[in-house]
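Got the model open in your viewer? Let's walk through it one selection at a time, with a short note on what to look for at each stop.

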Amino acid sequence: MAVVTEPAPGVHRLVLPLGIHGVPSVNGWLLRDGDAGGDVLIDCGIAVGPDATSEITEALQRCGSAIERIATLVGTHAHIDHFGLAGEVVRRSGGELWMHAATRLDLDKYADPDEAVDRRTLMLADHGLYGEELTSASEGLRDWMPVMPSIGQPTRLLEGGERLSVGGRSWEVVHTPGHSPGHVCLWSAAEGVLCSGDHL
């Protein structure tokens, strides 16, 4: 079950269950826009349970929101644990999916997972892995693919520096490559609040 907290007024942390590869959870963030219906979701987790969206649906309801209220889904990066439900959230909400332009490097592997596994196997073998360790490290993508019902396609490509206003706050998109080439964070300078994805 998702855990929901409100570290700042209108900023909700959604701790969503994963349970794959020993990773218990992932953080999503909901920025509420009051009664205006233009909520912003930052990261959305994966498909869990018989209804792929049951966990995110319940978490949003506990914040007074719903998938249908999401005007914008910001993907911090395109790793499946943060992004697996993006296609479904956008389909059901009719909202936009914002991701950095460099996200294409991650998205391409989902279109052809076998080729991505082959490339990863060769790269890891070149770096000295072999045997069972090589197989385990190379083929993890195949375990993750079933928890991504569809591949979300960005409707707006970001460069960094873009701003959005929600819930009376101004947020800036900050490009933070490293964990992923297209990783972004959202930063509210006025209140010192950062939604950081997997960036430390």
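Start by selecting strand E5, residues 70-74. In this predicted model, four of the five residues of E5 are buried, so the strand is largely enclosed by the rest of the structure.

Now add the neighbours of E5. On one side, E4 pairs with E5 in the parallel sense, over four bridges. To see one of these pairings, pick Ile 42: its bridge partner in E5 is Val 74. Follow the chain from E4 through H1 to E5 and you trace a β-α-β crossover, which is right-handed.

Then turn to E6, residues 96-100, which also runs parallel to E5 and is joined to it by three bridges. Leu 73 is worth a click here, as it stands opposite Leu 97 in E6.

Next, show the helices that lie on the sheet. H1, residues 54-62, packs there and touches E1, E2, E3, E4 and E5. Its direction makes about 160 degrees with that of E2. H3, residues 86-93, packs on the sheet too, touching E4, E5 and E6. Compare H3 with E5 and the angle between their directions is about 160 degrees.

Stay with H3 for a moment. How many of its eight residues are buried? Six are, so H3 is largely enclosed by the rest of the structure. Colour them to see the pattern: Ala 86, Gly 87, Glu 88, Val 89, Val 90 and Ser 93. These buried residues pack against E4, E5, E6 and helix H2 (80-83). Just past the end of H3, select Gly 94, where phi is positive at about 75 degrees.

For another positive phi, jump to Asp 43, in the loop between E4 and H1. Its phi is near 65 degrees, and this residue isn't a glycine. Most residues other than glycine have a negative phi, so this is a good one to inspect. Is Asp 43 buried or exposed? Its relative accessibility is 1%, and buried means under 20%, so Asp 43 counts as buried.

Zoom out to the whole sheet. It is open, with seven strands in the order E1-E2-E3-E4-E5-E6-E7 and mixed pairing. At the edges are E1 (3-8) and E7 (156-158); each has a single partner strand, so one side of each is left without a neighbour in the sheet. Neighbouring strands are turned by 25 degrees against each other on average, direction ignored.

Last stop: the nonpolar cores. The largest one has 36 residues, and those with the most contacts inside it are Leu 14, Leu 41, Ile 80, Phe 83 and Tyr 110. E2 supplies the largest share of this core, with four residues. Select Tyr 110 and show what surrounds it. Leaving aside neighbours within four places in sequence, Tyr 110 is in contact with Ala 78, His 79, Ile 80, Phe 83, Leu 141, Met 145, Met 148 and Ile 151. Apart from the largest core lies another, of 17 residues. To find this second core, select Val 11, Trp 29, Val 166 and Val 184, which are among its members.

Terms used:
Residues are numbered from 1 along each chain as its sequence is written. This is a predicted model: local features need pLDDT of at least 70, side-chain atom pairs count only at pLDDT 80 or more; totals for chains, interfaces and linings use all residues. Side-chain values use heavy atoms; hydrogens and water are left out. Two strands pair if DSSP finds at least two bridges between them. Helices (H or I, at least four residues) and strands (E, at least two) are DSSP runs, numbered from the N terminus. Axes are lines fitted to C-alpha atoms, for helices over the stretch in contact, and angles run from 0 to 180 degrees between N-to-C directions. Contact means heavy atoms within 4.5 Å. Buried means under 20% relative accessible area, exposed over 50%, partly exposed in between (1.4 Å probe, protein chains only). A crossover is right-handed if, with the strands pointing away from the viewer, the path from the first strand over the helix to the second runs clockwise. A nonpolar core is a set of buried Ala, Val, Leu, Ile, Met, Phe, Trp, Tyr and Cys residues joined through side-chain atoms within 4.5 Å.
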